[in-house]
Amino acid sequence: LCAAKSRIGSRTSRNRAGDNPRESVCGPEKGCGNYRAAMRRQRPMLYLFAALYLANSAHAFTGVSRHPTGARASTPPIRLAGARPLRPLERAKRGSVQPRSFNRQDDDNEWALLASFGGGGGGGDIEDPNPGGLRDFGGSDDGDDGDDEPFLEKVRSWLASDDGRKDVQTYCISFLIALALRWLIIEPRYIPSLSMYPTFDIGDQLAVEKVTKRVRSNQRKEVIVFQPPQTFRDIMSASYGRDSKKSKEALIKRIVAIEGDEVKIRGGKLYVNGEIQDEPYIKEDAEYEYGPVQVPPGNVFVLGDNRNQSLDGHIWGFLPKENVIGRAVFTYWPPWRIGSNGLY
């Protein structure tokens, strides 16, 4: 304001026509002729000085000013009612300082410097509303959590604790129950061929239960999974070699006759004890003839539903009952084939 008045006074002395300081301030050609007109001309300059003054005072609200040497220096912020001190990152967002990379050491230094000035003018009474929020990272900047205990020592400590012993006990019991279910009650199986098509397709997965065979004898038309008999293994060894895995793979077929039954195939139809069998589950009639033969005690006779594409009992003979693993009860994969159609 003093600079504005000084400038007005200098222009008045240069343009003055007489001793009256209010006369011809703007020049005789303008016709202003009074002091008020000169002040109206100087209003933009006054507004500029006022804006600069307010901008310079704004640093007090952010708590950061510029040191005469250009370095950053913290100043006690004005603490407003109900407000908390600004954290370093918030001050950067306000634009009072240039954004910079922030780390734990910078934050500690700034809070220490702020405390040395006595806080917000209240004698150092500023309390961090989030203590350690930006400083306690739980580890070093290079990703090391500071725990140098070896992994095996951690495992030993965990096993020695009560929680560790309980967890191990739970895992062991669960594992033993799963094994018992797998060996004694039910197990999953995968279909690798088309010998039982259309009842099973390649890739189907089914559940095989193992309890029924201990309660009662196998019945006709049941689908069973079994270990191959010796005659089948001899055939596979002759075709693929003695060490071939194919000779040891479990098979899945349908029981068509049990011990004591007389079985034969004529004209593509299956006859059991002289009666033609209704088989809606087969793909097509057999193109071969078989029998008549009688199933010996302790054996069953099995065929594939895809009669002309199945290596089954009409080639390698009868199946001993002790080779039976279990009975197929339902298909669980893929979802669109879920069910037990054609299995009983």
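The largest nonpolar core of this predicted model holds twelve residues in all. Its members are Val256, Ala257, Val263, Ile265, Leu270, Val272, Ala286, Tyr288, Tyr290, Val295, Phe301 and Leu303. Four strands each supply at least two residues of this core: β6 (251-257), β7, β8 and β11 (299-303). In soluble globular proteins, nonpolar side chains tend to be buried together.

One core member, Val295, illustrates the surroundings. Neighbours within four places in sequence are left aside here. Val295 is then in contact with Ala257, Ile258, Glu259, Gly260 and Asp261. Val300, Phe301 and Phe318 are also in contact with Val295.

Two of the strands that feed the core, β7 and β8, belong to an open sheet of four strands. The order in this sheet is β9-β8-β7-β10, and the pairing is antiparallel. Strands β9 (275-276) and β10 (290-294) form the edges, and each pairs on one side only. Strand β7 covers residues 262-266, and strand β8 covers residues 269-272. These two strands are joined by four bridges in the antiparallel sense. Within this pair, Lys264 stands opposite Tyr271 of β8.

Edge strand β10 contains Val293. Val293 counts as partly exposed because its relative accessibility is 26%, and the buried class ends at 20%. With neighbours within four places in sequence left aside, Val293 is in contact with Asp261, Glu262, Val263 and Phe318. Asn273 is 20 residues from Val293 in sequence. The C-alpha atoms of Val293 and Asn273 lie 10.0 Å apart in space.

A second open sheet is made of seven strands. Its order is β3-β4-β13-β5-β6-β11-β12, again with antiparallel pairing. The edges are β3 (186-190) and β12 (319-320), and each of them pairs on one side only. Five bridges link β3 to strand β4 (residues 205-209) in the antiparallel sense. One bridge matches Tyr190 with Gln205 of β4.

Strand β6 of this sheet is also the place of Arg254. Arg254 has a relative accessible area of 0%, so this residue is buried. Residues up to four places away in sequence are not counted in its contacts. Arg254 touches Met196, Thr199, Lys221, Glu222, Val223 and Tyr281. Further contacts of Arg254 are Phe301, Val302, Leu303, Asp305, Gly342 and Leu343. Among these, Phe301 and Leu303 are members of the largest nonpolar core.

Helix α7 lies across β3 and β4. The helix runs at about 75° to β3. Helix α7 (residues 162-185) also meets helix α6 (residues 151-160). The axes of α6 and α7 come within 4 Å and cross at roughly 85°. That angle makes α6 roughly perpendicular to α7. From α6, the contact is made by Trp158, Leu159 and Ala160. From α7, the residues of the contact are Asp162, Gly164, Arg165, Asp167 and Val168. Four residues of this contact are nonpolar, one is polar and three are charged.

Taken as a whole, the protein chain contains ten helices and 13 strands. Of its 344 residues, 31% are buried. Contacts with a separation of 6 or more were also examined. Residues 24 or more positions apart account for 60% of these contacts in the protein chain.

Technical notes. Residues are numbered from 1 along each chain as its sequence is written. This is a predicted model: local features need pLDDT of at least 70, side-chain atom pairs count only at pLDDT 80 or more; totals for chains, interfaces and linings use all residues. Side-chain values use heavy atoms; hydrogens and water are left out. Two strands pair if DSSP finds at least two bridges between them. A nonpolar core is a set of buried Ala, Val, Leu, Ile, Met, Phe, Trp, Tyr and Cys residues joined through side-chain atoms within 4.5 Å. Buried means under 20% relative accessible area, exposed over 50%, partly exposed in between (1.4 Å probe, protein chains only). Contact means heavy atoms within 4.5 Å. Axes are lines fitted to C-alpha atoms, for helices over the stretch in contact, and angles run from 0 to 180 degrees between N-to-C directions. Angles under 35 degrees count as roughly parallel, over 145 as roughly antiparallel, 65 to 115 as roughly perpendicular and the rest as oblique. Ala, Val, Leu, Ile, Met, Phe, Trp, Tyr, Cys and Pro count as nonpolar, Asp, Glu, Lys and Arg as charged, and the others, Gly among them, as polar.
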